[in-house]
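User: I'm new to reading protein models, and I'd love a close look at one part of this one. Could you take me through it slowly and explain the terms as you go?

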Amino acid sequence: MSKIKFTCFGCGCELQNTDPYQKGYTPKVLEHGTILCQRCYRLQNYGDHKDEEFVKPDYKRVFENVINKKCLILYVIDLFSVEASMIRDLFPFIQDCPILVIANKRDILPKSINDDKLKQFIYNKFKMEGLNIKGIICSSAFKNYNIDEIIEACNELRYGKDIYIVGASSVGKSSLINVLLKNIKNETRDLISTSPYPGTTIATITIPLDNKSKIYDTPGIVLPNSMYYCMEKSVLKLIIPKSEIKPITYQLNPKQSVFMGGICRFDFEEGSRSGFTFYMSNNVELHRTKLEKASTVFDSLVSQGKIKPISGKITSSASLVKHDFILPNDRVDIAILGLGWISVKGCGQKISVWAPEGVSIVIRPAEI
């Protein structure tokens with residue numbers, strides 16, 4: 001007789017009670033019922049989230065049933081960090097399935113922004129990737145925003161089949177699932193593990209939806225060109241917004257710089273006086289100075305701990321990589337993956353962004 005396997009409802013890992021240093025460990029006897037591994041128990045009850053190595057999921061194995069059954073895909077993205085939500089390695093496995101995009105964390109962006117404008121921005125993103133989506137719903141798992149609309153759309157689009165929820169780490173997949181579980185009649189009252197930090201869901205989690213179908217929470221990945229990948233948990237705690245962001249606009253003359261905490265720097269090198277609006281977590285301190293003394297001031301603020309956040313990986317301007325751009329004649333965003341973006345009316349200005357090594361900077365049409 002084959003051994004019965006038990007999985008943690010919080011993260012999806014196979015449970016074991018032999019090695020406390022391996023994933024899925026629990027000191028409990030594995031007999032029956034819903035059990036959390038020690039990691040998820042500590043996460044759910046104490047908010048204890050240790051630094052862990054990020055592992056890329058085996059998409060071919062995870063989605064082999066999806067390809068055959070053409071199940072409904074709920075693709076969750078983070079409205080605050082759209083570029084860090086696009087997992088291109090995943091697209092070939094879901095392109096033939098019905099896809100409903102959930103633009104999550106709507107509560108993070110200013111209330112004055114029109115949802116239709118956000119949906120058009122997201123639609124253009126997916127169109128550029130060659131994915132034919134069935135719809136877009138702006139949502140907030142935290143505020144229970146448009147949850148009924150998601151449930152209604154799922155019932156219309158899934159045709160009695162399973163639902164696979166996919167997305168990058170930190171887009172709010174697990175929080176969204178927990179809200180759905182509270183609103184859909186299903187066979188469990190347990191909630192899966194959530195955290196503001198990447199890497200919470202390690203393996204696919206199966207949740208009964210009805211007698212014939214299930215919801216699958218698939219593990220997300222952290223894109224290697226994102227702040228989420230290279231920064232410590234102490235930094236992520238500050239750069240991942242937890243409440244509505246308050247944009248800050250600087251009217252800058254050429255040869256001025258703005259620091260984004262002690263982890264990033266923006267230089268306005270050449271061009272006419274322009275308004276640059278910074279959309280970032282309220283916990284990221286901004287500091288304006290003259291370009292000629294930017295490196296000296298940045299190094300001083302970091303060394304004395306007078307700006308936040310500060311990373312142990314960034315000790316001076318020399319720790320950052322410089323990216324140079326000439327802006328097009330259009331309203332654009334200068335997106336720093338995982339940190340936020342800077343919005344400006346482009347007119348040929350020459351700018352530079354200094355970011356941690358490996359972090360991508362994207363010039364895109366304005367989101368807002």
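In what order do the 6 strands of the open sheet come? Please also tell me what packs around that sheet.

Analyst: Happy to! Please keep in mind that this is a predicted model, in which local features need pLDDT of at least 70 and side-chain atom pairs count only at pLDDT 80 or more, while totals for chains, interfaces and linings use all residues. Residues are numbered from 1 along each chain as its sequence is written, and side-chain values use heavy atoms, with hydrogens and water left out.

Let's start with the whole chain. It has 10 helices and 16 strands; these are DSSP runs numbered from the N terminus, helices being H or I runs of at least four residues and strands E runs of at least two. Of its 368 residues, 54% count as buried (under 20% relative accessible area; exposed is over 50% and partly exposed is in between, with a 1.4 Å probe and protein chains only).

Now to your sheet. The order is E3-E2-E1-E4-E6-E5, and the pairing is mixed. Two strands pair if DSSP finds at least two bridges between them. Strand E3 (135–138) and strand E5 (205–208) are the edges, each pairing on one side only. On average, neighbouring strands are turned by 20 degrees against each other, direction ignored. Angles here come from axes, lines fitted to C-alpha atoms (for helices over the stretch in contact), and run from 0 to 180 degrees between N-to-C directions.

One pair to find in the viewer is strand E4 (residues 163–166) with strand E6 (residues 214–217): they run parallel and are joined by 3 bridges. There, isoleucine 165 stands opposite aspartate 217 of E6. Helix H5 (residues 115–128) packs on the sheet, where it touches strand E1 (72–78), strand E2 (99–104) and E3, and its direction makes about 135 degrees with that of E3.

Next, follow the chain on from E4. In the loop between E4 and H7 you meet serine 170. Its phi is near 75 degrees, a positive value in a residue other than glycine. Serine 170 is buried, with a relative accessible area of 12%.

Then comes H7 itself. Because 8 of its 11 residues are buried, H7 is largely enclosed by the rest of the structure. Among the buried ones are Leu176, Ile177, Val179 and Leu180. The buried residues of H7 pack against the strands E1, E2, E4, E5 and E6, and also against H6.

That brings us to the partner helix. The axes of helix H6 (residues 147–157) and helix H7 (residues 173–183) come within 10 Å and cross at roughly 80 degrees. The two helices are therefore roughly perpendicular to each other (angles of 65 to 115 degrees get this name; under 35 is roughly parallel, over 145 roughly antiparallel, and the rest oblique). From H6, Ile147, Asp148, Ile150 and Ile151 are in contact with Leu176, Val179, Leu180 and Asn183 of H7, where contact means heavy atoms within 4.5 Å. By class, this contact has 6 nonpolar, 1 polar and 1 charged residues. Ala, Val, Leu, Ile, Met, Phe, Trp, Tyr, Cys and Pro count as nonpolar, Asp, Glu, Lys and Arg as charged, and the others, Gly among them, as polar.

One last stop: asparagine 144, in the loop between E3 and H6. Its phi is near 60 degrees, again positive in a residue other than glycine. Whereas serine 170 is buried, asparagine 144 is partly exposed, with a relative accessible area of 43%.
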